[in-house]
Amino acid sequence: MSRVGRKVITIPSGVELKQDGNKITVKGPKGQLEREFNPEITVKVDNGDINITRPNDLPNIRALHGTTRAVLNNMIVGVSQGFEKKLELVGVGYRVQAAGKGLTLSLGFSHPVEIEPVEGITFKVDGNTKISVEGINKELVGQIAANIRAKRPPEPYKGKGVKYADEQIRRKEGKKG
C-alpha cells in the first residue's frame, strides 16, 4: 500500500472543498483551484478529512494513488498558505528590476531579458539580485522559477548565473598553470 496515498488529509479551517464526480474545487483565503482527477481513484470527504483509495494494485493505479493525494494536498496548502520560490542572481552586473507585473533581467547578454507576467503568479524583487516567485499553484510557481533560472543557469567555475536561494552549486577547479 502506498505510504503517501494512504495518509489522511485534514482540511484546515477557512478552506472549502467541493466534489463533482472526479472534479474537485478547493476554495480558500488566497484563491480557488480546481482539477479533474482520474476516475479510477476514489476521493472520499467526511468530517473534514479526505481519504484516497484505489481499486486494485496495478502499477499505474498505484502510481496515481500517491500522486492524487500529493496534488490534492498541494491544492489545499496553496489556497490556505500559498507557495514561494526564491531566486538569486550571482555575478557582476547581473540585476533584476520589476517592470509592471513582470521582470527585466540583466544577465550579461547584449539585451535585457524580459519575463512576462503570468496570471496567478506575483513577482517580488528584493534589492536588485533577489527574486521571489509566489502563487497558489505549486506546479506553476515551480515552473516559472525554473524558466527564470533557465535564462542563465549557474556555471560551475565562478558560480555566476541565476540560482535558487537554497541551491548549492558544485564548483570545479580552474586551469592549473
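Aromatic pairs come first here, and the count is short: a search through the whole of this predicted model turns up 0 of them. Rings do turn up in another kind of arrangement, though, with a charged side chain over a ring face. Lys85 sits over the face of Tyr164, 5.2 Å from the centre of the ring. Arg152 does likewise with Phe109, lying over the ring face at 4.3 Å from its centre.

Lys85 leads on to a sheet, since strand E7 covers residues 83-90 and Tyr164 falls in strand E13, which spans 161-164. Both strands belong to an open sheet of 4 strands, ordered E11-E12-E7-E13 and paired in the antiparallel sense. Strands E11 (121-126) and E13 are the edge strands; each has a single partner strand, so one side of each is left without a neighbour in the sheet. On average, and ignoring direction, neighbouring strands in this sheet are turned by 25° against each other. Within the sheet, E7 runs antiparallel to E12 (residues 130-135), and 6 bridges join the two. One residue to look up on screen is Phe83, whose bridge partner in E12 is Gly135. A helix goes with this sheet as well: H2, made of residues 138-150, lies across E7, E11, E12 and E13. Its direction runs at about 5° to that of E7.

There is also an open sheet of 3 strands, with antiparallel pairing and the order E8-E9-E10. Here the edges are taken by E8 (95-99) and E10 (113-115), and each has a single partner strand, so one side of each lacks a neighbour in the sheet. The average turn between neighbouring strands of this sheet is 25°, direction ignored. Strand E9, residues 102-106, pairs with E10 over 3 bridges, again in the antiparallel sense. Along that pairing, Leu103 stands opposite Ile115 of E10.

Elsewhere in the chain, Asp46 is worth a quick look. This residue belongs to strand E5, which takes in residues 42-46. Is Asp46 buried or exposed? Neither label fits: its relative accessible area is 38%, and because buried means under 20% and exposed means over 50%, Asp46 counts as partly exposed. Asp46 can also be placed relative to Thr10, from which it is 36 residues away in sequence. In space, the C-alpha atoms of Asp46 and Thr10 are 9.9 Å apart.

Terms used
Residues are numbered from 1 along each chain as its sequence is written. This is a predicted model: local features need pLDDT of at least 70, side-chain atom pairs count only at pLDDT 80 or more; totals for chains, interfaces and linings use all residues. Side-chain values use heavy atoms; hydrogens and water are left out. Two strands pair if DSSP finds at least two bridges between them. Axes are lines fitted to C-alpha atoms, for helices over the stretch in contact, and angles run from 0 to 180 degrees between N-to-C directions. Contact means heavy atoms within 4.5 Å. Buried means under 20% relative accessible area, exposed over 50%, partly exposed in between (1.4 Å probe, protein chains only). Rings of Phe, Tyr and Trp (its six-membered ring) pair if their centres lie within 6.5 Å; planes under 30 degrees apart count as stacked, over 60 as edge-to-face and the rest as tilted. A charge sits over a ring if NZ of Lys or CZ of Arg is within 6 Å of the ring centre and within 35 degrees of the ring normal.
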